[in-house]
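Reader: Thanks for sharing this one. Before I look around the rest, could you walk me through one part of it at close range, and then show me what lies beyond?

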Amino acid sequence: MRCRAFQGVNVDIELDRGSPVPLYFQVARQIEQAIERGELVPGSRLENEIELADRLGLSRPTMRRAIQELVSKGLLVRRRGIGTQVVHGQVKRRVELTSLHDDLTRGNQHPTTRVLEHEVLPASDDIAVHLGVPPGTPVVRLVRIRYAQDEPLAIMRNWLPASLASFSTAELGERGLYALLRSTGVHIRIASQRICARTASTEEAHQLGIKRGAAVLTMERTAYGESGSAVEFGAHIYRSDNYSFEITLVERS
């Protein structure tokens with residue numbers, strides 16, 4: 001039997017009491033989905049656990065466990081004298097050939113960008129290898145900080161052949177890199193990518209608003225256009241407390 005049990009802050013929760021899925025998990029998952037859709041925005045306050053339990057017809061321990069599930073994920077926070085509030089949740093990103101800006105926009109995360117560096121310089125030996133050009137070839141180097149919901153999420157360093165990077169610093173602050181490339185007729189078709197983890201340097205910690213030595217995720221990607229030539233090489237750093245990669249695994253028969 002399915003019952004519509006709670007409506008508040010523009011969120012509906014439905015419980016399937018005949019499902020093998022635990023009721024606490026059903027509640028936690030639907031609140032999480034409402035946060036992901038932007039229906040519950042940061043700062044929204046939920047009713048207390050006793051009121052929620054009564055509305056849903058659940059025991060207080062069951063409701064307490066549902067809320068604790070979201071607190072542990074960093075989606076909710078309990079504040080004395082205020083109650084349970086929504087906080088900035090972790091950005092979950094599928095490992096696909098998309099840009100961070102596009103993914104954040106689709107997830108209603110309202111991305112903004114601060115451009116720290118935008119310069120033309122000769123390609124070093126390492127960058128030349130990634131881009132498949134002779135060392136010393138003019139390349140554009142970009143360093144940007146990407147924000148989600150006004151909080152720093154990633155430090156992005158990118159190198160592109162100078163012939164492909166005709167956009168301005170102002171445009172880089174307003175749009176994603178891949179969107180700018182598409183607007184000039186450059187379409188990325190394939191990429192090689194490596195994901196790792198390490199600790200943040202003092203400068204990186206300051207830029208991301210985290211403690212020095214905190215864990216960060218790193219991603220290196222070389223993207224290729226329709227002609228098979230490298231379009232860009234990126235080396236990005238992400239806050240591990242606000243960001244994760246998701247991968248779908250399929251059994252190979």
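In which sense do strand β11 (residues 215–225) and strand β12 (residues 230–239) pair, and over how many bridges?

Author: Happily! A word on the ground rules: this is a predicted model, in which local features need pLDDT of at least 70 and side-chain atom pairs count only at pLDDT 80 or more, while totals for chains, interfaces and linings use all residues. Residues are numbered from 1 along each chain as its sequence is written, and side-chain values use heavy atoms, with hydrogens and water left out.

Now to your pair. β11 and β12 run antiparallel, joined over nine bridges; strands count as paired if DSSP finds at least two bridges between them. The element names come from DSSP runs numbered from the N terminus, with helices (H or I) of at least four residues and strands (E) of at least two. If you would like a place to start tracing the pairing, valine 216 stands opposite arginine 239 in β12.

The two strands belong to an open, antiparallel sheet of six, in the order β7-β8-β9-β12-β11-β10. Its edges are β7 (111–122) and β10 (188–199), each of which pairs on one side only. On average, neighbouring strands here are turned by 15 degrees against each other, direction ignored; axes are lines fitted to C-alpha atoms, for helices over the stretch in contact, and angles run from 0 to 180 degrees between N-to-C directions.

Threonine 222 is a good residue to pause on in β11. Its relative accessible area is 6%, so threonine 222 counts as buried (buried is under 20% relative accessible area, exposed over 50%, partly exposed in between, with a 1.4 Å probe and protein chains only). Setting aside neighbours within four places in sequence, threonine 222 is in contact with His130, Ile190, Ala191, Ser192, Ala230, Glu232 and Phe233, where contact means heavy atoms within 4.5 Å.

For a contrast, go to the loop between β9 (151–161) and α6 (169–174), where serine 166 lies. Serine 166 is exposed because its relative accessibility is 61%. Computed along the sequence by count, serine 166 and valine 140 are 26 residues apart, yet their C-alpha atoms are 9.5 Å apart in space. Valine 140 belongs to a separate core of 14 residues that also includes Leu160, Tyr178 and Val231. A nonpolar core is a set of buried Ala, Val, Leu, Ile, Met, Phe, Trp, Tyr and Cys residues joined through side-chain atoms within 4.5 Å.

The largest nonpolar core has 21 residues, and those with the most contacts inside it are Val27, Ile31, Ile35, Leu40, Leu56, Met63 and Leu76. At least two residues come from each of β2 (11–16), α1, α2 and α3, and α1 gives the largest share, six residues. Beyond four places in sequence, valine 27 touches Ile13, Leu15, Leu56, Leu58, Met63 and Ala66.

Met63 and Ala66 lead us to helix α3, where they are buried along with Ile67 and Leu70. Down the axis of α3, these buried residues fall within an arc of 90 degrees, so they line one face; the arc is that of the directions from the helix axis to the C-beta atoms. An α-helix has 3.6 residues a turn, so residues three or four places apart point the same way. Pro61 and Ser72 are exposed on the other side of α3. The cover over its buried residues includes α1 (23–37), β3 (45–46), α2 (49–56), β4 (76–79) and β5 (83–86). After α3 comes glycine 74, with a positive phi near 80 degrees.

α3 also lies across β3, β4 and β5, at about 110 degrees to β4. Those strands make an open antiparallel sheet in the order β3-β5-β4, with β3 and β4 at the edges. Four bridges join β4 to β5, and two join β3 to β5. Glutamine 85 in β5 stands opposite valine 77 and is also the bridge partner of arginine 45. Three residues separate the strands in the hairpin of β4 and β5, where glycine 81 takes a positive phi near 85 degrees.

Stepping back, the protein chain has eight helices and 13 strands, and 43% of its 253 residues count as buried.
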